[in-house]
Amino acid sequence: MAIFENIKLDKGLYTTGRGFLTELESVDPSENYKGTSLEGLDAFERQLKRFNIKVSGAGSDTIEKFFKTSDSAALFPEYVARAVRKGKEEADLLDLIVATRTNINGMDYRTITSAPAASEKVIPVVEEGAVIPEANITVQSNLVSLKKRGKMLVASYEALRFQRLDLFTVMLKQIGAYIARTQLSDAVSVIVNGDGNQNPAEEIDVQTAGTITYADLVSFWNSFDPYELNTIVASPDVAAKILNLSEMKDSYAGLDFHGTGKIVTPLGAKLLKSTAVEEGTLLGLDKGCALEMVQAGGIMTEYDKLIDRQLERAAITEIAGFAKIFTEASKVLSV
């Protein structure tokens, strides 16, 4: 009998602090299955196969299938977390604006910063015996503000037991999408207002209030030197104004947009539209050095309630916050 078929599953796999999958992989490493029919599956997916639980497709099983045995019931919280995580990933724009993600084990985190003067952004020739210029990196004064975002899953086991997992996955993915959108709002707030360390974004006005021109975009782009304006996050009304500029409506731009939905973006920057940005506002940033995302674990579930079928009030949450790396790498254009 294969190793994965002999593993005892219980709540203890969730309590170590390392995560359910990490614990499961430690006792049933995926590398042991190279060259077999199970290659490509992780430890959790092998357990689904062990109990013959199909979580997707028209022929997916019902939720009740997870609770046939106490061992298979221990898989249910991980299934919930994965479905929520998948929904979050599908709706998530954060990868397009975050330079780096930092995972921490506690709730207190103080990031680092560097604020070079204009003269320090140029690396001079160092003569023999001369002092090499310093690049000062310091710890920020205030902690990164971490926020818990999530939903309370309210439903009785009796109401859900005969529902297909494929449909339930859709519901869980939507929770993930909600988390992604609220975290984007948190990120936008930090870009605009700063992270509590007196580092709000510089605000630039267009030449004529209420109207944005290609010249405004060029001037905004030019203000980023020595950083690069490679990402724009605009409110829906500003995004529409940009796309209606004559410079954005040439034959190539129109053909590409109507044929593929891919926008020919202003000045080569990726254009993102989001209601998280205040109306009449455009955020510009150098994606590679503007924003840090700090996460205290990933998607968390109340595994004990989910395993014991007490679904009436089972929380699904994630804790995350944002910090600015280089203040001048993000700016605000007010239209």
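**Close-up 1. Helices H1 and H2 cross in this predicted model.** The axis of helix H1 (residues 20-27) comes within 8 Å of the axis of H2, and the two cross at roughly 75 degrees. Angles of 65 to 115 degrees count as roughly perpendicular, so that is the word for how H1 and H2 lie to each other. Which residues meet here? On the H1 side they are Phe20, Leu21, Leu24 and Glu25, and on the H2 side Ala43, Phe44, Arg46 and Gln47. Sorted by character, the residues of this contact between H1 and H2 are five nonpolar, one polar and two charged.

**Close-up 2. Helix H4 meets helix H6.** Here the axes of H4 (residues 76-91) and H6 (residues 165-193) come within 6 Å and cross at roughly 55 degrees. With that angle, H4 and H6 are therefore oblique to each other. Is their crossing left-handed or right-handed? For H4 and H6, the crossing is right-handed. If you want to trace the contact, look on H4 for residues including Phe76, Tyr79, Val80 and Ala83, and on H6 for residues including Leu165, Phe168, Leu172 and Ile175. The contact of H4 with H6 holds 13 nonpolar residues, four polar ones and four charged ones.

**Close-up 3. A cluster of aromatic rings.** Two of the residues from the previous view, Phe76 and Tyr79 of H4, return here, and so does Phe168 of H6. Ring pairs link these three with Phe66, Phe67 and Tyr157 into a cluster. How many aromatic pairs are counted in the model? The count comes to twelve, taking ring centres within 6.5 Å as a pair.

**Close-up 4. A charge over a ring.** Now find Lys331 and Phe224. The charged end of Lys331 sits over the ring of Phe224, at 5.6 Å from the ring's centre.

**Close-up 5. A cis peptide bond before Pro226.** The bond leading from Asp225 to Pro226 is cis, and its omega is near 10 degrees. Where is Pro226? Look in the loop that runs between helix H7 (214-222) and strand E6 (231-234).

**Close-up 6. A positive phi at Asn52.** Asn52 belongs to the loop between helix H2 (43-50) and helix H3 (70-73). Its phi is near 55 degrees, a positive value in a residue that is not glycine.

How values were computed: Residues are numbered from 1 along each chain as its sequence is written. This is a predicted model: local features need pLDDT of at least 70, side-chain atom pairs count only at pLDDT 80 or more; totals for chains, interfaces and linings use all residues. Side-chain values use heavy atoms; hydrogens and water are left out. Rings of Phe, Tyr and Trp (its six-membered ring) pair if their centres lie within 6.5 Å; planes under 30 degrees apart count as stacked, over 60 as edge-to-face and the rest as tilted. A charge sits over a ring if NZ of Lys or CZ of Arg is within 6 Å of the ring centre and within 35 degrees of the ring normal. Axes are lines fitted to C-alpha atoms, for helices over the stretch in contact, and angles run from 0 to 180 degrees between N-to-C directions. Helices (H or I, at least four residues) and strands (E, at least two) are DSSP runs, numbered from the N terminus. Angles under 35 degrees count as roughly parallel, over 145 as roughly antiparallel, 65 to 115 as roughly perpendicular and the rest as oblique. A crossing is left-handed if the near helix is turned anticlockwise from the far one by less than a right angle, and right-handed if clockwise. Contact means heavy atoms within 4.5 Å. Ala, Val, Leu, Ile, Met, Phe, Trp, Tyr, Cys and Pro count as nonpolar, Asp, Glu, Lys and Arg as charged, and the others, Gly among them, as polar.
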